[in-house]
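Trainee: Got a minute? I'd like to go through this structure with you.
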Amino acid sequence: MHPLVESSSSNKPIPAQKPAIVRQGEYVSSEIENRLQARGVTIDGVIAVMQQFRVETPSWGYGDSGTRFKVFHWPGAASNLREKLADAAQVQQVTGICPSVAIHIPWDREDDWQAVKEYAGQLGLQIGAVNPNLFQDDVYRFGSLCHFDKAVRQRAVEHVIDCIHIAQVVGSDVISLWLADGTNYPGQDDLRRRRHRLLESLRAIYAALPAGVRLLIEYKFFEPAFYSTDLPDWGTSLLMAQKLGPQAEVLVDTGHHPQGTNIAQIVAQLLDEGRLGGFHFNDRRYADDDLIVGSQNPFELFCIFNEIVGAGAEGNANAGRIAYMIDQSHNIEPKIEAMIQSVINVQTAYVKALLVDRTALHEAQEAGDVLGAYRVLQAAFETDVRPLLSELRVRQGRDPDPVAAFRASGYAERVAHERTASTMSSGYPGA
Ligand code: RM4
Ligand code: MN
Ligand code: MN
């Protein structure tokens, strides 16, 4: 017998009646509620924590982008910063947790940053992380901050300092640094010398950081360089950050690791060192493809949040100041909807991590109950949190289904019609 079907001891025929239909959402939310209540946690408490959660979206995720083989044009895709901000405002409108937008310079080059700040403000947005491009100019053929030519290094440092100035005007407190620097062949350059140049360049940048502005150092194990990459892993980024000072931290791009890497463990180590600056969320199956975060491996994303929530519960200060950012370039999917879905996936992983019974987990761990501990995580991960997230949105006066709300708004059709005349490029190479 199905466990949810009550057994009847009587042999009397069951009178024909309409079956009591319990809406799935009601059933699951009451199950969550019961489970939380047993631990003295309320739905209101979880929702209050969720209301503080913010995810930053990237300007470059709204423009045309693609692979090195082809950039497919999406009708109405944003082709300048104002359009990207207008699209980001749609994501904020339906999710309520995305009030800031990361920018890439010079993809998002503008003359009047004060005006950009005001325009963003009118849309209910602010500018978030400023990302300097150090890979598109011809002079960067052999690198930027690690280049053997001091003049090139100097130029790259100056570009980052320009970005620091932009950040100050737009009111951003994050500079997010990713380098394409590396070599393609053994012997092409001296690896230790490159490291010394990197440190020297980073020191010049760090010296220009105003108080309160953080420098996030991103790593990626390969691409575009194929023999050596100057910032290939979290350990190298952490070493650099530690040499620079407390305003330098590590940025974890979830798509930038070799297959099989345990990202949750990296996150745990960085939290413990107090140097987890932020995330670039995306997913990938093979190499870095900037797929929708959580689309390929939602359990990995959950495990990452489990480390953060666990550290936060123990008073780890770093857990409370992490910049959660999406870094995706949408190729074949509708860009705004893909961004909304990404935000939902991040939110889902986070709320599931909030549902982990930490006391039970700790007890199982200390008792050597391997399976019991795993089952505590599994119980949270397998919880259908959609009703909880719907409840959160409804309490904020939003539609419970952000993708459906966006589709119903008619925005995509409107911009596809209005923006067709645009000839400007989004800034993405090839677009
Ligand atoms: C890299 C990395 C950086 C992004 C560049 C353009 O793969 O993820 O964050 O800014 O792409
Ligand atoms: Mn990234
Ligand atoms: Mn990337």
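Trainee: Let's start with one residue. Is Asn 306 buried or exposed, and why?
Mentor: Asn 306 is buried, because its relative accessibility is 8% and the cut-off for buried is under 20%. Keep in mind that this is a predicted model.
Trainee: Which helix does Asn 306 lie in?
Mentor: Helix α9.
Trainee: And which side chain does the side chain of Asn 306 join in a polar contact?
Mentor: That of Arg 358. The contact is 2.6 Å.
Trainee: New topic. Which residues surround ligand 1?
Mentor: The aromatic names include Trp 107, Phe 135 and Trp 178. His 104, His 256 and His 280 are there too. Then come Glu 218, Lys 220, Asp 253, Asp 288 and Asp 327.
Trainee: How does that shell divide by class?
Mentor: It has 5 charged, 3 polar and 3 nonpolar residues.
Trainee: How far is an oxygen atom of ligand 1 from an N or O atom in the side chain of His 104?
Mentor: 2.6 Å. For the side chain of Asp 327, an oxygen atom of the ligand is 2.7 Å from an N or O atom. For the side chain of Lys 220, that distance is 3.1 Å.
Trainee: How much of ligand 1 does the protein bury?
Mentor: Taken alone, the ligand exposes 290 Å². The protein buries 88% of that.
Trainee: On to pockets. What volume does the second largest pocket have?
Mentor: About 530 Å³. It is lined by 28 residues. The closest to its centre are Arg 54, Arg 321, Ile 322, Ala 323 and Tyr 324.
Trainee: Which element supplies the largest share of that lining?
Mentor: β3, with 4 residues. At least two residues each come from β3 (126-132), α9 (298-313), β10 (323-326) and α10 (335-354).
Trainee: α9 again! That's where Asn 306 lies. How do the lining residues of this pocket divide?
Mentor: Into 15 nonpolar, 8 polar and 5 charged.
Trainee: Last thing. How many cavities of 30 Å³ or more does the structure hold?
Mentor: Just 1. The largest cavity has about 60 Å³ of space.
Trainee: What lines the largest cavity?
Mentor: Among others, Thr 254, Asn 282, Asp 283 and Val 293. Glu 300, Leu 301 and Ile 304 also line it. By class, the lining has 4 polar, 3 nonpolar and 2 charged residues.
Trainee: Great, thanks!

How values were computed. Residues are numbered from 1 along each chain as its sequence is written. Chains are lettered from A and ligands numbered from 1 in the order in which they are written. This is a predicted model: local features need pLDDT of at least 70, side-chain atom pairs count only at pLDDT 80 or more; totals for chains, interfaces and linings use all residues. Side-chain values use heavy atoms; hydrogens and water are left out. A residue is near a molecule or strand if one of its heavy atoms lies within 4 Å of it. A polar contact is a pair of N or O atoms within 3.5 Å; within protein, one must be able to donate a hydrogen and the other to accept it, and residues adjacent in sequence count only if both atoms are side-chain atoms. Accessible areas come from the Shrake-Rupley method with a 1.4 Å probe; for residues, only the protein chains shown count as cover. Ala, Val, Leu, Ile, Met, Phe, Trp, Tyr, Cys and Pro count as nonpolar, Asp, Glu, Lys and Arg as charged, and the others, Gly among them, as polar. On a 1 Å grid over the protein atoms alone, a cavity is a set of points where a 1.4 Å probe fits but cannot get out, and a pocket is an open set with protein on both sides within 12 Å along at least five of seven lines; lining residues have an atom within 4 Å of a point. Grid points are joined across faces, edges and corners, and a volume is the space filled by probe spheres set on the points. Buried means under 20% relative accessible area, exposed over 50%, partly exposed in between (1.4 Å probe, protein chains only).
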